There are 2 protein chains.
Amino acid sequence: MTENKTLQKVTPLGSREGLIAIEPDNWRKEALILATEKAGGTVCSADEATALIWSAPENPELLPNFVREQHDWVQLPFAGIEPFLAMLDERRVWSCGKGVYASAVAEHALAMILSLKRGLVSYSKSENWEKPFGSNLLNSRVLILGGGGIAEELISMLNPFGCSITVIRKSLLPISGCDQVLYLDDLDVVLPETDVVVVALALTSETEGIINRERLGLLPSHAIVINVARGKHIITTDLVNALKSKDIAGAGLDVTDPEPLPAGHDLWGFSNCLITPHIGNTPEMGIALLAQRIEENVARYIAGEDLLGCIDIGAGY
Amino acid sequence: MTENKTLQKVTPLGSREGLIAIEPDNWRKEALILATEKAGGTVCSADEATALIWSAPENPELLPNFVREQHDWVQLPFAGIEPFLAMLDERRVWSCGKGVYASAVAEHALAMILSLKRGLVSYSKSENWEKPFGSNLLNSRVLILGGGGIAEELISMLNPFGCSITVIRKSLLPISGCDQVLYLDDLDVVLPETDVVVVALALTSETEGIINRERLGLLPSHAIVINVARGKHIITTDLVNALKSKDIAGAGLDVTDPEPLPAGHDLWGFSNCLITPHIGNTPEMGIALLAQRIEENVARYIAGEDLLGCIDIGAGY
């Protein structure tokens, strides 16, 4: 497996003692303490620490209570950091879970693709021996929006299927195993030639609503759309209409807008719309993967080496 | 993708004109004409042709009406050729669809594995934002019963997931990408260390009922069982009981005993049992895969090269 590593120099000044606070106290903390200590760090209070590992993606509002002037590194737990963006400053290095969950999320994307193409979403609901239907992923044309860790992992998982793979990203740097890399400007050109769209990019003002009525209309009617990124990448009403009018053959959504998707929402009503409750990585999968990253980053922090998953504050991810 | 290729020299005497008959006329014929012409062949009547492509697996009895003395090659459509066996002669080369459909069946097996492990079978039925659950295929221990084309394709599809893979087969010849190859005698030893069992072997007196009460009991309770071979490989009553008593975590069955599975059968009642109606390859998938093989074989025939999928008349397949 490949890993999406964003490297950034914490300091050119060499090693540190490794006094690290892990806050707040919750079910994740124990695994993170173990990982930190395994890497040679010492867990202490925020006041004593020179760095902070934040264990609560669900509580951004508590973070300012724990960040101290002397903290030169703050590690956030998830890959998506929208709720923390306003708190980031240039006085220290901020890192996040970028790339940590990529293989788990890519696995979920592939699971949704295969379930939809193979008709398993329908067969799961049936209690009768139905007529055969479904189509192959083999030799399909897959379009991945985003060129980060999820894309890299998914490309490697798609490799045995002989798919032709296009990635849309900000830079045209080649990606191993992918047939072409294009800019966002080329999206509308490639959509009519696409069997499977996978949304796997960061949510920014540029990418919000990237899947809209016009673009859903450009897809062939046998195409499916998968979203493992953020619900707001897709304009929900437009997706509902596209499913209603059979502009596309199905959708697999691990994220929705609104999220959680309320009971009774139109999207629940489609037999060809698979909705999962943001489980690209479940808490159980995630804590194991996060602990690995924390161990690696604490070791790097102590040694004064580049950290993994550093946030580019200007870019917003 | 790997391909199960059985090679045989048609003739050492070099190229031919490529006058090929495709009979009888049915829904498959158009795709086979396209494939033949794409490879440089000319489709003509049986009397004019030097080779025959048979388009009707369901009509072996019509074949003798179309085979001519001058035909030096006859291509049959399916991998299983039992109904044609009596008609084969040594005066020409006979080839069939051996290996053509393995990748489609392996794809279906992977789809069922991922659907069960990722909880998609349950989520497909839900109309509410449920609690997160599911587990990764990543790093799992997979046991494949059978070492043929389906196993080879599945192993290549599992490769990016970092699984440890054991194959049970008749010979201990190594299989690329698999961690160990064992005899049937070792099955009971490896079952307790298995997360995913895939049944993908031929049905013989030796393998009928290979998955029974004792063996289901040897699996860990989080294990899942997939059958893409024949329904009679699993003793259905034993599987029902194992699901009832939660000896295993789920099953994915593309084949059943009895088949079709009648409405009201116990197996329909389990939320963790995914049943699909023998669609490892559907007719639509099959014709696309067969067309690829025909294109390849016609090109080889014209060039006087070895053909794929030649039948060993003595062995009967």
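User: What is the area buried between chain B and chain A?

Analyst: This is a predicted model in which local features need pLDDT of at least 70 and side-chain atom pairs count only at pLDDT 80 or more, while totals for chains, interfaces and linings use all residues. Residues are numbered from 1 along each chain as its sequence is written, chains are lettered from A and ligands numbered from 1 in the order written, and side-chain values use heavy atoms, leaving out hydrogens and water. In chain B, 53 residues are in contact (heavy atoms within 4.5 Å) with 52 residues of chain A. Carbon and sulfur atoms give 67% of the buried area (accessible area, 1.4 Å probe, that two parts lose on being put together, summed over both), whose total is about 4,400 Å².

User: Which residues of chain B lose the most area to chain A?

Analyst: Three residues together account for 19% of what the chain B side buries. Those that lose the most area to chain A are Glu107(B), Arg118(B) and Trp129(B).

User: Which residue forms a salt bridge with Glu107(B)?

Analyst: Across the interface of chain B and chain A there are two salt bridges (a side-chain nitrogen of Lys or Arg within 4 Å of a carboxyl oxygen of Asp or Glu). In the one that involves Glu107(B), the closest N and O atoms are 2.9 Å apart, and the partner is Arg118(A).

User: How are H2(B) and H4(B) oriented to each other?

Analyst: Helix H2 (residues 102–117) and helix H4 (residues 149–158) of chain B, both DSSP runs (H or I, at least four residues) numbered from the N terminus, have axes 8 Å apart and pack at an angle of about 55°. Angles under 35 degrees count as roughly parallel, over 145 as roughly antiparallel, 65 to 115 as roughly perpendicular and the rest as oblique. H2(B) and H4(B) are therefore oblique.

User: How are H1(B) and H8(B) oriented to each other?

Analyst: Helix H1 (residues 29–38) and helix H8 (residues 283–303) of chain B have axes 8 Å apart and pack at an angle of about 30°. Among the residues of H1(B) in this contact are Leu32(B) and Ala35(B), while those of H8(B) include Leu290(B) and Ile294(B). The orientation of H1(B) and H8(B) is therefore roughly parallel.

User: In which loop of chain A is Pro258(A) found?

Analyst: Pro258(A) follows Asp257(A) through a cis peptide bond with omega near 5°, and another cis peptide bond, with omega about -5°, joins Glu259(A) and Pro260(A). Pro260(A) lies in the loop between S12 and S13. Pro258(A) is found in the loop between strand S12 (250–253) and strand S13 (273–275).

Conventions:
Axes are lines fitted to C-alpha atoms, for helices over the stretch in contact, and angles run from 0 to 180 degrees between N-to-C directions. Helices (H or I, at least four residues) and strands (E, at least two) are DSSP runs, numbered from the N terminus.
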